[in-house]
Amino acid sequence: MPRGGGSGGRGGKKSHKGQRRHFTDEDELREQAQKAEKEKAWRRQQGIESDEEEEEEAKDGATGEAGAKNRDMPPSESSESESESEDEEGKPKGVSHLIDIENPNRAAGKSSKKVTELGETGGSNLSRREREELEKIEARRRYQALHLAGKTEEAQSDLARLAIIRKQREEAAKKKEEEKKSKEAAKEVANKTKGKS
């Protein structure tokens with residue numbers, strides 16, 4: 001049974017590898033365009049106009065205006081994309097524009113703000129997490145102010161520890177001075193005894 005054949009089963013598509021290329025002639029393209037124009041004209045006469053044709057006409061009108069302004073310049077991709085975006089914005093799809101929906105999960109213009117920016121604005125419509133984060137920042141700031149003033153338990157224990165360390169260092173410095181003096185005194189005594197003998 002040959003693979004990729006045409007009879008049912010798997011691989012129904014037939015490969016065109018190894019065959020000659022088929023190019024459409026200019027005449028065929030012209031005929032197709034004329035046929036499409038005739039169909040459009042007939043539909044206009046009958047009063048039948050599809051959505052696709054309306055969109056095409058809107059695009060043709062937008063590109064036609066841009067083309068009239070710059071006839072010498074070739075049409076750029078940016079003008080085409082602009083006209084497409086205008087069409088998309090101007091004509092909403094489906095029935096979503098008819099029904100007002102308040103879906104919190106579908107926030108279109110949701111912009112993420114930093115907590116510091118939110119604190120400055122002072123908006124009352126903050127989420128729970130944002131509110132908690134602002135409260136945490138404010139509590140940390142208050143604690144730092146109290147800590148610098150020495151009013152927190154941690155600051156008092158730190159100050160007590162520092163006082164103990166200062167006393168220990170002062171005592172160590174006094175001991176060093178006394179030892180120095182005693183060594184100098186011992187040297188003087190040794191020098192006097194050497195000088196007498």
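How many salt bridges does the count come to in this protein? The count comes to five, and this tour stops at some of them. Keep in mind as you click around that you are looking at a predicted model.

**The whole chain**

Start with everything shown as a cartoon. You should find six helices and zero strands, so reading along the sequence simply gives α-α-α-α-α-α. Now colour the 197 residues by burial: buried residues make up 5% of them. Switch on the surface and you have about 19,200 Å² exposed, with carbon and sulfur atoms supplying 49% of that area. As for contacts along the chain, take those with a separation of 6 or more: residues 24 or more positions apart account for 13% of them.

**Stop one: helix H1**

Select residues 26-46, which is helix H1. Try a distance between its end C-alpha atoms: they are 30 Å apart. That agrees with expectation, because 21 residues at 1.5 Å a residue should span 30 Å. Just after H1, click on Gly 47, where phi is positive, at about 85°.

Go back to the beginning of H1 and show the side chains of Glu 26, Asp 27 and Arg 30. These three are linked in a network of salt bridges. Side chains of opposite charge can pair when their charged atoms come close. Here is what to look for:

- Glu 26 with Arg 30: the closest N and O atoms of this salt bridge are 3.3 Å apart.
- Asp 27 with Arg 30: this salt bridge is 3.1 Å from N to O, and the two side chains are also joined by a polar contact of 3.1 Å.

Why are Glu 26 and Arg 30 separated by about one helical turn? Because they sit four residues apart in helix H1. Asp 27 and Arg 30 are three residues apart in H1, so about one helical turn separates them as well.

Is Glu 26 buried or exposed? With 56% relative accessibility, Glu 26 counts as exposed, since the exposed class begins over 50%. Arg 30, at 47%, counts as partly exposed, and so does Asp 27, at 48%.

**Stop two: a nonpolar patch**

Next, select Val 95, Leu 98, Ile 99 and Ile 101 and put the surface back on. Together they make a nonpolar surface patch of about 410 Å². To place one of them in the fold, pick Val 95: you will find it in the loop between helix H3 (77-90) and helix H4 (115-121).

**Stop three: helix H5**

Move along to residues 128-149, helix H5. Its end C-alpha atoms are 32 Å apart, which agrees with the 32 Å that 22 residues should span at 1.5 Å a residue.

Show the side chains of Arg 128 and Glu 132 for another salt bridge, whose closest N and O atoms are 3.2 Å apart. Both residues lie in H5, four residues apart, about one turn of the helix. Glu 132 is partly exposed, with a relative accessible area of 40%.

Now slide to the other end. Just after H5 comes Gly 150, with a positive phi of about 80°.

**Stop four: Thr 152**

For the last stop, select Thr 152. Where is the place of Thr 152? Look in the loop between helix H5 and helix H6 (153-196). Thr 152 counts as buried, because its relative accessibility is 9% and the buried class lies under 20%.

Which residues is Thr 152 in contact with, leaving aside its neighbours within four places in sequence? Show Tyr 143, Leu 146 and His 147 to see them. One of these, His 147, deserves a distance line: its side chain makes a polar contact of 3.3 Å with the side chain of Thr 152.

Then turn to Ala 155. Its backbone nitrogen lies 3.1 Å from a polar atom of the Thr 152 side chain. Keep Thr 152, His 147 and Ala 155 on screen together, and you can follow the Thr 152 side chain to the side chain of His 147 and to the backbone nitrogen of Ala 155.

Key:
Residues are numbered from 1 along each chain as its sequence is written. This is a predicted model: local features need pLDDT of at least 70, side-chain atom pairs count only at pLDDT 80 or more; totals for chains, interfaces and linings use all residues. Side-chain values use heavy atoms; hydrogens and water are left out. Helices (H or I, at least four residues) and strands (E, at least two) are DSSP runs, numbered from the N terminus. Buried means under 20% relative accessible area, exposed over 50%, partly exposed in between (1.4 Å probe, protein chains only). A polar contact is a pair of N or O atoms within 3.5 Å; within protein, one must be able to donate a hydrogen and the other to accept it, and residues adjacent in sequence count only if both atoms are side-chain atoms. Contact means heavy atoms within 4.5 Å. The expected span of a helix is 1.5 Å times one less than its number of residues. Patches are made of residues with over 30% relative accessible area and no salt bridge: like charges are joined within 9 Å, nonpolar side chains (Val, Leu, Ile, Met, Phe, Trp, Tyr) within 5 Å. Accessible areas come from the Shrake-Rupley method with a 1.4 Å probe; for residues, only the protein chains shown count as cover. A salt bridge is a side-chain nitrogen of Lys or Arg within 4 Å of a carboxyl oxygen of Asp or Glu.
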